[in-house]
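Subject: Structure for you to look at

Dear colleague,

I am passing on the structure we spoke about, together with some notes on what I found in it. Please have it open while you read.

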Amino acid sequence: MRRIITATVQNRSGVLNRVTGMLTKRQFNIESITVGESEKEGISKMTFVIDVADHLKVEQLTKQLNKQIDVIKVQDITDKAHVVRELALIKVSASRQHQAEIQSLILPFRATIIDVSKDSLVVEVTGKPEKINALIELLKSYGIKEITRTGITAFLRGYQPQVSEMNTISI
Amino acid sequence: MSLKVVKKQKEQVQQVTGSDILIDALTEQNVEFVFGYPGGAVLPIYDALYRKKASFQHILTRHEQGAIHAAESYARITGKPGVVLATSGPGATNLVTGIADAMIDSLPLVILTGQVAKGVIGTDAFQEADVIGITTPITKYNYQVNKIEDLPKIIKEAFYIATTGRPGPVVIDIPKNISQELSEPIKVEKNVKVHLQGYQPTIFPNPLQVVKLLESLKHAKKPVVLAGAGVLFAEASCELKQFAEKYQLPVTNTLLGLGSFPGDHPLFLGMAGMHGTYAANMALTECDLLINIGARFDDRLTGNVEHFAPNAKVAHIDIDPAEISKNVDTEIPLVGDAKEVLKLLLKHETETPDHSEWNYHLNQYKKEKPLWYEKPKEHLSPQWLVQQIFEITKGDAIVTTDVGQHQMWAAQYYQFKKPNRWVTSGGLGTMGFGLPAAIGAQLAAPNDTVVSLLGDGGFQMTLQELAVIRERNLPVKVIILNNQALGMVRQWQETFYEKRISESVFSYNPDFIKLAESYGIPGVLIEDERSARNKLEQVFHTDGPIVVDCHIAQSECVNPMVAPGKGLHEMIGVEKE
């Protein structure tokens, strides 16, 4: 199953290496990692998307992350109300005459064209990974030259409805 | 005018090097010994050692691996961090085995490695290795010092991290420009506690879980305690004994937990696991409540987890939350320091069922299926030898071992009565550990008898450390169980690979007696049983170091055994065929 895990970490050199090294050593399958600064100086936020076999593995994963000296807080937000965003840049082969067509096609995705050349253009899109997948599918018919995706970054929503506590582990 | 003022100020404060600051910081931590080996990138540190007459002793080993194993052993016996110092590149990479060993066996170490100067890091400079990259997966934490001002703080943090929570090794990589840079003396405030936001080990358990365990104890008819090295780190042997006696709980040990419970106690079942006793392994299989105190359910202990404690409710006391349910599903997790958890458990009174029938049942196992061996006709029996050593030393010696058959025989036949007398490489299974470990042990406990029980294979991996034993006149009794083979490898080839004995027998071994003599250490050869006891007694009456070469039967196997992939109840070699 796919889990979205967020971690608040000390922004020290080697922290990313330590965390990804641990994930590799313990054979966790990482789909994506994003890292960036947080609202506090010296503190970074990481978002992992990880494919795990079962809940025991998720528990192991969060505990192993928590065990790292530089990791301050770990949350598995998959089952909680959360917002998720990813950014993708898609370079599409397109001659001039297709530009307008593409322009209208991407409009419902709230994507924008950010670069145009003689035979290609670059579409920027932000959203949930599924939305980005859908747009990529749509653009495939024009021929995709290149894609780069950031991987997701995520957050808990401010409002949390009462949900079952199945993922909280009391120790 | 202004220039003069600056000059005057400079004269007032005497400049020191980063190395001076380092040595002061180590002194502040009450370091007794630094086990090390010099080299280019640590020349400034060794120069400061020479100039400063540090408060601690530097132990010059003959290989960095020797230094780190000695430090591990010192840490195992004293509970204090072992300190290691090595140069950059090959000096640091020679430590890697020891760092991994300390990590998996949770030994507190502070390892100082030299590094090339900051300006050339990343240019593949002479003796440069990416020590941070290499040691990240095998350290609890590591640092590279970037600014001289950070040095005292890093040292203080490193000692704190290494020794608190679940202990482990911490590496501090010190570039040469830092160790030789001049600065005003810097110290950290003595009374300021280290605070790390992301690192706050849990000491006291959740009281609800304590109640849950006591509640389970109320209903358990067949409880058993599995005590691991966590009991030793927490210095909780007394509490463990009280707890076991209060509720009449049978106790078994992991390999590394030996000594945490008296080996001659009526409630003691012996060691559990791959080469454990039948009674211990059957107790784990048949129990309905398993209380694990400070053990990590290693695969050599559990055997096939599918068959491990199939009917038991599992309670697990561990200071590392990540160990809970890692290998064995746990119903009652008690995260905390073993001593504190046991103290809390002892505070409460709980009515428990009578366990005498269960204990009687296990005692029958002990009586009917004890550890056994047959003395080979023409050769010395290694098990018998270990028993003689046990008798002569009255079970009071510190025993260090390598890894393999002799290690298992020591674990089986040397009954440890007291904590911190047993120094062995458990998790990593490092050959060559035993001899340098004896150095650390003897320095940690100068008045105790230290026996270094080795195989001829492991001895030849680190025998150069005999020089240190001689140099320091450490009265270590080095006893080699010499079967001219890598006994455990040979045993597995015989048992599981249809006797295809592949590269596990030495067709040539040096004369260990002459070898010892070349190091200025007397040697004794023991070849037959008749003279063995006498010679061994003389060995233990000798002052100073001695090497004993015991020619034992090559064909001997460690019994009983849980074959790989099998459950604990499927032991082989339980009885004579």
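The notes below deal with domains, then helix packing, then nonpolar cores.

Please keep in mind throughout that this is a predicted model.

Domains of chain B

The domain assignment divides chain B into domain 1 (12-183), domain 2 (207-368) and domain 3 (382-558). The C-alpha centres of domain 1 of chain B and domain 3 of chain B lie 30 Å apart, and the contact between these two draws 22 residues from domain 1 of chain B and 24 residues from domain 3 of chain B. On the side of domain 1 of chain B that touches domain 3 of chain B, the elements giving two or more residues are α4 (64-78) and α6 (96-104) of chain B, and α4(B) gives the most, with 11 residues. By class, that side of domain 1 of chain B has eight nonpolar, nine polar and five charged residues.

Helix packing in chain B

Within domain 1, helix α2 (residues 18-28) of chain B and helix α3 (residues 43-52) of chain B have axes that come within 8 Å and cross at roughly 65°, the crossing of α2(B) past α3(B) being right-handed. To this contact α2(B) brings B:Ser19, B:Asp20, B:Leu22 and B:Ile23, while α3(B) brings B:Pro44, B:Ile45, B:Asp47, B:Ala48, B:Leu49 and B:Lys52; by class these are six nonpolar, one polar and three charged residues.

The second pair is helix α12 (residues 237-247) of chain B and helix α15 (residues 338-347) of chain B, which pack at an angle of about 35° with their axes 9 Å apart, and here α12(B) passes α15(B) in a left-handed crossing. From α12(B), the residues B:Glu239, B:Leu240, B:Gln242, B:Phe243 and B:Lys246 meet B:Lys339, B:Leu342, B:Lys343, B:Leu345 and B:Leu346 of α15(B), so that the contact has five nonpolar, one polar and four charged residues by class.

Nonpolar cores

The largest nonpolar core has 179 residues, and among these B:Val84 and B:Leu290 touch the most other members. Leaving aside residues up to four places away in sequence, B:Val84 touches B:Phe35, B:Gly36, B:Ala67, B:Ile68, B:Ala71, B:Leu95, B:Leu109, B:Ile111 and B:Leu112. There is also a second, separate core of 18 residues, which includes A:Ile5, A:Val15, A:Phe28 and A:Met46. As general background, nonpolar side chains tend to be buried together in soluble globular proteins.

With best wishes

Note on methods: Residues are numbered from 1 along each chain as its sequence is written. Chains are lettered from A and ligands numbered from 1 in the order in which they are written. This is a predicted model: local features need pLDDT of at least 70, side-chain atom pairs count only at pLDDT 80 or more; totals for chains, interfaces and linings use all residues. Domain bounds come from an automatic or database domain assignment. Two residues are in contact if their C-beta atoms, placed from the backbone, lie within 7 Å. Helices (H or I, at least four residues) and strands (E, at least two) are DSSP runs, numbered from the N terminus. Axes are lines fitted to C-alpha atoms, for helices over the stretch in contact, and angles run from 0 to 180 degrees between N-to-C directions. A crossing is left-handed if the near helix is turned anticlockwise from the far one by less than a right angle, and right-handed if clockwise. A nonpolar core is a set of buried Ala, Val, Leu, Ile, Met, Phe, Trp, Tyr and Cys residues joined through C-beta atoms within 7 Å. A residue is buried if 20 or more other C-beta atoms lie within 10 Å of its own, exposed if 12 or fewer, and partly exposed in between; C-beta atoms are placed from the backbone.
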